[in-house]
Protein chains: 2
Amino acid sequence: MENIGDEYKNYWETNMFLQTQELDSWGLDEALSGYYDSSSPDGAASSAASKNIVSERNRRKKLNERLFALRSVVPNISKMDKASIIKDAIDYIQHLHEQEKTIQAEIMELESGVMKKNPKQLHDSVTSRNSPIEVLELRVTYMGEKTVVVSLTCSKRTDTMVKLCEVFESLKLKIITANITSFSGRLLKTVFIEANEEEKDDLQIKIQTAIAALNDPLSPMSI
Amino acid sequence: MENIGDEYKNYWETNMFLQTQELDSWGLDEALSGYYDSSSPDGAASSAASKNIVSERNRRKKLNERLFALRSVVPNISKMDKASIIKDAIDYIQHLHEQEKTIQAEIMELESGVMKKNPKQLHDSVTSRNSPIEVLELRVTYMGEKTVVVSLTCSKRTDTMVKLCEVFESLKLKIITANITSFSGRLLKTVFIEANEEEKDDLQIKIQTAIAALNDPLSPMSI
DNA sequence: CGAGACACGTGACGC
DNA sequence: TGCGTCACGTGTCTC
């Protein structure tokens, strides 16, 4: 009688995440509810209990759908925990807040630079060390045949493409083929690298630290 | 025996939201757990059951704290429903996404607006003296709809990709979308640029001179 | 009174 | 083996 719970187990922990709509297999609830209410001979009470059960079920279902929707709008989600999903969402919102401030500062700088008649000064101040790389997603996958694919998405800022290339150039990897494409304010870089499966995680760490070090040269991130 | 639930009721629906930390009034859990387990005579089983109970309690508590924290980073929250909190968070994140796109478009416009009058050398220190860019093919084509496509092939050397990006970055073009792919010692860069047909030839000259200037900064190639 | 929202204890499942 | 996570049914409160 607990098999319904089992289905939901699969909902959370296996790979059927892409059809969150069609697990509406609750049609036999009414029949079951009568079975549970063996202590109360009153029909009205059992009806109320079943109502409560199905209502609660719908509430939980709605909540899970909401949670799943929240997960879908937050990039870079690692763990599928309910708590982790909410935590990642919080971190992401705070990240967006910081990013908004950064971008607005950049806009202010650009505007104030336009006001002045000195384009040289403007460009130097903007180019020097502003607009860090904002990584939106970083995915490192082992594809077999000793090849690892790195897929990186970030927002397009000033010199972002240059810095991105510098990062991968500095890591001295065995790059098979690389590709950068830019669209609608985004930058997507895909790199095929010759490496074993064990080097995958290490590679991801390396890339992250390299980008972090480039964004903030002051901190001694070099392990 | 259900008074604990009552406290939590107040936690959600009254005004004690500001002390989400100090409702640690679960100290008598162990004593109660033994009471609940009246069906199992085994002491070890009751211990396990109580462990599960307190663990589950902590899990729920953590989840509620997370949800509360999520609520605190999302402005303009009207309803206190769990589902509504998550929904508002989703809407807020999507709102931030749209806003980010708008602002980035604004930045792009601002940057391309600066490009108008800037005869001075942009990057005075590109440095890197070795391995010049060896252009194998440069094709500039007008595609209609005010778009010009630049297709450039060169041999892959050290930092070639970086330099290539720098070149196009320094020209301050209205780039619609760009793409670099590397294969078998070659580098192919494709750039879609917003420009009229008349600017086509001028564009080709600009790119050639920029690359030449980068390869040999000593010669006064700057128009 | 019912409808909705919540916390609780419980059994099950995976690591 | 425990430990963490989950969905479930239930009792209780508020509107």
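## Strands of chain B

Let's start inside chain B, where strand 3 and strand 4 (residues 186–194) run antiparallel and are joined by 8 bridges. One matched pair here is Asn179(B), which stands opposite Thr190(B) in strand 4 of chain B. A word on terms: helices (H or I, at least four residues) and strands (E, at least two) are DSSP runs, numbered from the N terminus, and two strands pair if DSSP finds at least two bridges between them. This is a predicted model, in which local features need pLDDT of at least 70 and side-chain atom pairs count only at pLDDT 80 or more, while totals for chains, interfaces and linings use all residues. Residues are numbered from 1 along each chain as its sequence is written, chains are lettered from A and ligands numbered from 1 in the order in which they are written, and side-chain values use heavy atoms, with hydrogens and water left out.

Strand 4 of chain B also runs antiparallel to strand 2 of chain B, with 9 bridges joining them. There, Ser155(B) has Arg186(B) of strand 4 as its bridge partner. Strand 2 of chain B pairs with strand 1 (residues 135–142) of chain B too, again in the antiparallel sense, over 7 bridges. Leu138(B) stands opposite Leu152(B) in strand 2 of chain B. The hairpin of strands 1 and 2 of chain B has 4 residues between the strands, and Gly144(B) takes a positive phi near 85° in it.

## A covered strand and a buried threonine

Strand 2 (residues 147–155) of chain B is mostly covered, with 9 of its 9 residues buried (under 20% relative accessible area; exposed is over 50%, partly exposed in between, using a 1.4 Å probe and protein chains only). In a regular strand the side chains alternate between the two faces of the sheet. In strand 2 of chain B both faces are covered: one side has Thr147(B), Val149(B), Ser151(B), Thr153(B) and Ser155(B), the other has Val148(B), Val150(B), Leu152(B) and Cys154(B), and all are buried.

Now for Thr160(B), which lies in helix 5 of chain B. Is Thr160(B) buried or exposed? Thr160(B) is buried, at a relative accessible area of 1%. Leaving out residues up to four places away in sequence, Thr160(B) touches Cys154(B), Ser155(B) and Leu187(B), where contact means heavy atoms within 4.5 Å. The side chain of Thr160(B) also reaches the backbone nitrogen of Arg157(B) at 2.8 Å.

## Where the chains meet

On to the interface: 53 residues of chain B are in contact with 53 residues of chain A. The two chains bury about 4800 Å² between them, 66% of it on carbon and sulfur atoms. Buried area is the accessible area (1.4 Å probe) that two parts lose on being put together, summed over both.

The rule finds 1 salt bridge across this interface, where a salt bridge is a side-chain nitrogen of Lys or Arg within 4 Å of a carboxyl oxygen of Asp or Glu. Lys156(A) forms a salt bridge with Glu169(B), the closest N and O atoms being 3.6 Å apart. The rule also finds 12 residue pairs in polar contact across the interface, with both residues at pLDDT 80 or more. A polar contact is a pair of N or O atoms within 3.5 Å; within protein, one must be able to donate a hydrogen and the other to accept it, and residues adjacent in sequence count only if both atoms are side-chain atoms.

Strands meet across the chains as well: strand 3 (residues 175–183) of chain A and strand 3 of chain B run antiparallel and are joined by 4 bridges. Ser182(A) stands opposite Ala178(B), and Thr181(A) stands opposite Asn179(B).

## Salt bridges within chains

How many salt bridges does a search of the whole structure find over all chains? The search finds 13. Side chains of opposite charge can pair when their charged atoms come close.

In helix 3 of chain B, Glu56(B) forms a salt bridge with Arg59(B), with the closest N and O atoms 3.1 Å apart, and another with Arg60(B), at 3.5 Å. Arg59(B) is 3 residues from Glu56(B), about one turn of the helix, and Arg60(B) is 4 residues from Glu56(B), also about one turn. Glu56(B) is partly exposed at 29% relative accessibility, as are Arg59(B) at 39% and Arg60(B) at 43%. In chain A, Glu56(A), Arg59(A) and Arg60(A) are linked in a network of salt bridges.
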